[in-house]
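Please show the structure below. A learner and a teacher will then discuss how its features are read.

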6 protein chains.
Amino acid sequence: MKRLLVVSAHAADFVWRAGGAIAHVTAHGGEALVVALTYGERGESGELWKEAGQTLERVKAIRHQEASQAAAILGAEFLALDLGDYPLRMTEEAVERLRAILVDFAPQILMTHTPQDPFNPDHPVAYAITEKARQLAAGAGVASAFKTIPPPEFLLFEPHQPELSGFVPNLFLDITPVWEKKLKAMEVFASQAYLQRYYAERAEHRANHARRISGRKGIERAEAFQRVLPQVVDRL
Amino acid sequence: MKRLLVVSAHAADFVWRAGGAIAHVTAHGGEALVVALTYGERGESGELWKEAGQTLERVKAIRHQEASQAAAILGAEFLALDLGDYPLRMTEEAVERLRAILVDFAPQILMTHTPQDPFNPDHPVAYAITEKARQLAAGAGVASAFKTIPPPEFLLFEPHQPELSGFVPNLFLDITPVWEKKLKAMEVFASQAYLQRYYAERAEHRANHARRISGRKGIERAEAFQRVLPQVVDRL
Amino acid sequence: MKRLLVVSAHAADFVWRAGGAIAHVTAHGGEALVVALTYGERGESGELWKEAGQTLERVKAIRHQEASQAAAILGAEFLALDLGDYPLRMTEEAVERLRAILVDFAPQILMTHTPQDPFNPDHPVAYAITEKARQLAAGAGVASAFKTIPPPEFLLFEPHQPELSGFVPNLFLDITPVWEKKLKAMEVFASQAYLQRYYAERAEHRANHARRISGRKGIERAEAFQRVLPQVVDRL
Amino acid sequence: MKRLLVVSAHAADFVWRAGGAIAHVTAHGGEALVVALTYGERGESGELWKEAGQTLERVKAIRHQEASQAAAILGAEFLALDLGDYPLRMTEEAVERLRAILVDFAPQILMTHTPQDPFNPDHPVAYAITEKARQLAAGAGVASAFKTIPPPEFLLFEPHQPELSGFVPNLFLDITPVWEKKLKAMEVFASQAYLQRYYAERAEHRANHARRISGRKGIERAEAFQRVLPQVVDRL
Amino acid sequence: MKRLLVVSAHAADFVWRAGGAIAHVTAHGGEALVVALTYGERGESGELWKEAGQTLERVKAIRHQEASQAAAILGAEFLALDLGDYPLRMTEEAVERLRAILVDFAPQILMTHTPQDPFNPDHPVAYAITEKARQLAAGAGVASAFKTIPPPEFLLFEPHQPELSGFVPNLFLDITPVWEKKLKAMEVFASQAYLQRYYAERAEHRANHARRISGRKGIERAEAFQRVLPQVVDRL
Amino acid sequence: MKRLLVVSAHAADFVWRAGGAIAHVTAHGGEALVVALTYGERGESGELWKEAGQTLERVKAIRHQEASQAAAILGAEFLALDLGDYPLRMTEEAVERLRAILVDFAPQILMTHTPQDPFNPDHPVAYAITEKARQLAAGAGVASAFKTIPPPEFLLFEPHQPELSGFVPNLFLDITPVWEKKLKAMEVFASQAYLQRYYAERAEHRANHARRISGRKGIERAEAFQRVLPQVVDRL
């Protein structure tokens, strides 16, 4: 029974990149919390702004509703920090809020974006905030003056252009059993039909990779992740 | 119940670098096979050559006896290919013999040296032989004209000077429960008392690292490995 | 009017990975020559070996026929060196044969596999043969005792698992105008229906990447390449 | 007819590193705009400070005059943001000013310094400002709430100590036809005679490299650049 | 007679990581100045906080006393900037204070932490402050408007988990002659007995590495460093 | 009084790349031995082949004479192995001959080419032969059955296109005092006047770099090297 914390730069990122992992954790009785640092209201809501008379508040409200609904389908709670996008800023306040959430939720697994992304100004900032908050929440592995949590596993999820973002997956998760949930969660974002298809195909490609790597024939859909810290195990 | 294949460039390498992992696998009912490509008879048996009238055959016999005994303590089978050391050569025959062993033993886990080592001419060759044999044994993940095995996990064990060999551990194994066995296996190599102490201390250092990474207080001895291929899992 | 030389480790590689580029060159009045180092008769013709009484010669003949047909659809000439696969070997003869072809054909563009591929024992060898032949054919940029050609541009094509093969694309080619030809060439390999779909989807994904990188809306299918040597241009 | 935007940390950088490229673009009917983030008034104007009674304002005025004159020789417009040097600071205001310039000028090509430079505190900051402004100006390739421009090509120019700054050129530009202009622009900086000679020789060395890479004998002077983003082309 | 400046993120770091180097310099008549950016009062003083009624000021006072005593044993002066830990912040003031110290002390050798450390939020910030201050203090190697010092050699000391912090040693210092002083300095930190043993063993391991690299048998204890900038020598 | 061994792929490489270092060692009473693996008779003697009726033996004789003369000017002994160029081959015999030379000469410093060079097929092979011979000559730092020498320092010299060959200098040698000797040695290769000028200018550029790195104003000519193994020192 694991607790998973997903830090999403914009409101929809968690669905495309980690929807299967979230559904997996909750399907096995775990808890998942999605923290969206921003709604992506300026940089990734262009379709909504095509409506005449659109306002910032209304765009945020729509994005909040969509993301909450998608999270619910995946069995996760959704929390929006509304820090402002394009650009998202690395501030002490942002780090502190996320640190407090980390200490409170005490996840076994933490996920976010890659530290590089030449096609998105906010994803690397989301990484920086998360990485700093993680280190402050877990301490340096020695006794400290403040409350710390056991260090969570730290995973990066797949960016849109993996090679150009320095992403090298070292963990493939078989999401075949929860695929229908991810599909439904993606369908919530009705205005982004192309991405639904893109990530559906991507899940099949990653499954093909995973089958070749492992020899396990039954994998039909997979998600790719990059584990940042060493695993510590008591069995090989 | 796993099968573990360890490819050791010289007769003693497997004890210092993977003794705990071997003992772990066999302690849990698995099988371990150690393949020593050479006896290290020329490059790493200097103490034996200090005896007057020493011969190559006698050095090899001593090394065989020691390595077999150490393997037995760890619960593993020991097989020596006797390919000749300093230099070990990357030949088609070496690759073919190891490929056949791989197909026959069909391990779930395969371990060997790092591809770089500026202080050992044979370790990178052991890697090259193992990597080629692994790829031929497992095929490219598609149907082929020859018998293939499911691709084993592929781990590199810790070299003597990790940073200079490009070794970045991403897997720490808690070997606390089997520590006594590793210690006994190391003691077999009586002439290398210094290394016994070195690797005993190293196991404590790696345990310290593993405790800080994971927060698990009970780890007293650990071994470090670098997983080469992505993990494929069905649970986070 | 360019001359393009594609070095393919096995008989079908060039279609999946560079079919669009080949069709492009020939559609613009250029010449393309595909050199298959092997037929992939052992490692990548498993479907054919399922037929009772199958023989090596017959497998090679079928592969030759298919690859020639696919090359013809793309407008390219097909030449098979039949060096033997799984493992393909880096020999002086292989290098010398390819060097002679390079000097004779004098391509402006040369393409082959990536130097790393953890899931294919032959692709890195194809790279090594090609890289050595290229250097011998072009010389070191100074006068020499043998005939040299102007150094061709050197491109790597996309491997099956790009990130794990160290592939970082720095060139996207819009293959929209020749897509039908690539599709037809892929259909020649009837027993590999899955790969047809995989690479058709991949072409759309790479087009999506290329659109985002360049802002050019009209790109519907693309191929990704990694240019190895600097470009030398007389206009930005 | 291209538009080129060059972001120069200090007033003279653009001449040594990109003078040929600028002259090339303008010689072919394109427009070039040089944005100097600072005058280099503190860190790189030491010769001027040797005059008794020198003032900051006067140093800036001299640097402005010199840089404007050099830009004019190259056919470029010169704009100084006067953000203060040693240290140049990465501020939201700096990013926003450059973003606005980018959206307004809408260049097809954008050039700046490398992200690393162990011998200059301001060059990496100039990169950081430019990279953030670029991403905000171009968006993430999807519709957004603000005006975006088609993503420009992004080039880094040659730093003073290339290898120590992680610079690996992948683009050589033949500047032979515009060499006289670059030479004249360099001569404007009368107090830096050594650098005139240094970069004149460097242009010949890069031409030597370019000739060896390409086989084109006619290249007598060249500039080296590192293209950061993939090229998207419709012809090989 | 060298001057050595050591920048330590927290009060005790300099002892474990550079105690031997400091004692070496002072034993040969040089001067050493330790600048502790923080006391590590929150993140690395947990033992002290176990006392009932503990206060921040008292923790800092104890840490100040211990660090001063350890520095004195090594022959160094100790200066605490008290910038606040967990998190240490990269501010203009911090950079300016360290720059002024650098210009004033004009060290030939400068040491600090690695730019990466996944298990300590403050070490990379200490690096960033030091690196910026170093560049501002030394200028870009050309005449400038402010006082500069000859560029010091720049060394990184060994982090707790070297491979995970990107540390690759390229300098081993034989600290055998000053070992007793380092041991005594470590003993000052009575509450951290484990680390005394850890770094005592580490010194022996690094000596083993240094003996193998150099063939010098007499090295019994060593410290490892990574030199960041090229050496400039007038003899090989 | 040092012994320096320089392994040169072709007959002239050592002059351009290490002439200053050689002259330095011999000027200080040390010994230098240049081992040319080949004469560069096919790949780098094109000017000689322009003479009518030229023969391989005569080309080799001329190259032998020139290289011997240049070595003599630098104070070094010259030994040619005549292994054949374009391509130079990595054979056991080549390694064994160089290993024997290493054990016999027992240099404190060993120099050769970089492991990568996209514009020269023989330079990486020269590295591979040298690296293997070095490891066999020095052993793994433990007692062995054969005679070993103390491990020499291992330096790579500057390739023609440094960045494209992965060369990152970490050692600059001031060759000002021996510059005249290097110049004379270069002039021996009369047919390569361009390279004389190229490397004379390069020596000034590297001196400029070295001055900026170190602040030492007196450096007028320098050579750049990459030290491969850590330094082991007993003084900072």
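The dialogue that follows takes up chains, helices and backbone features in turn.

Q: What kind of model is this, and how are its residues numbered?
A: This is a predicted model, in which local features need pLDDT of at least 70, side-chain atom pairs count only at pLDDT 80 or more, and totals for chains, interfaces and linings use all residues. Residues are numbered from 1 along each chain as its sequence is written, chains are lettered from A and ligands numbered from 1 in the order in which they are written, and side-chain values use heavy atoms, with hydrogens and water left out.

Q: How is the size of an interface expressed?
A: It is often given as the accessible area lost when the parts come together. Here the buried area is the accessible area (1.4 Å probe) that two parts lose on being put together, summed over both. Chain A and chain B bury about 3100 Å² between them, and 61% of this lies on carbon and sulfur atoms. Gln231(A), Val232(A) and Leu236(A) supply 25% of the area that chain A buries against chain B, more than any other three residues. Counted by contact (heavy atoms within 4.5 Å), 33 residues of chain A meet 33 residues of chain B.

Q: What rotation lays chain A on chain B?
A: Copies are superposed by least squares on the C-alpha atoms of residues with pLDDT of at least 70 in both. A turn of 180° with a shift of 0.0 Å along the axis lays chain A on chain B, with an RMSD of 0.0 Å. Of the residues of chain A, Asn170(A) comes closest to this rotation axis, at 5.0 Å (C-alpha). The copies meet through the same surface, because 100% of the interface residues of chain A are also interface residues in chain B.

Q: What rotation superposes chain A on chain C?
A: A rotation of 180° with 0.0 Å of shift along its axis does so, with an RMSD of 0.0 Å. That is the relation of a two-fold axis. Of the residues of chain A, Glu163(A) comes closest to that axis, at 3.0 Å (C-alpha).

Q: Which chains lack a contact with chain A or chain C?
A: Among them, chain F has no contact with chain A, and their closest C-alpha atoms lie 19 Å apart. Chain C and chain E do not touch either, their nearest C-alpha atoms being 19 Å apart.

Q: How are two packed helices described?
A: They are described by the angle between their axes and the distance between the axes. Helices (H or I, at least four residues) and strands (E, at least two) are DSSP runs, numbered from the N terminus. Axes are lines fitted to C-alpha atoms, for helices over the stretch in contact, and angles run from 0 to 180 degrees between N-to-C directions. In chain A, the axes of H1 (residues 13–27) and H3 (residues 56–74) come within 8 Å and cross at roughly 35°. Residues of H1(A) in this contact include Phe14(A) and Ile22(A), and those of H3(A) include Ala67(A) and Leu74(A).

Q: At what angle do H6(F) and H7(F) cross?
A: The axes of H6 (residues 179–187) and H7 (residues 193–214) of chain F cross at roughly 160° and come within 10 Å. The two helices are therefore roughly antiparallel, a term for angles over 145 degrees. Trp179(F), Met186(F) and Glu187(F) of H6(F) make the contact with Gln196(F), Tyr199(F), Ala200(F) and Ala203(F) of H7(F).

Q: Where does Pro87(C) lie, and which peptide bond precedes it?
A: Pro87(C) lies in the loop between strand E3 (77–80) and helix H4 (92–105) of chain C. The peptide bond from Tyr86(C) to Pro87(C) is cis, with omega near 5°.

Methods
Angles under 35 degrees count as roughly parallel, over 145 as roughly antiparallel, 65 to 115 as roughly perpendicular and the rest as oblique.
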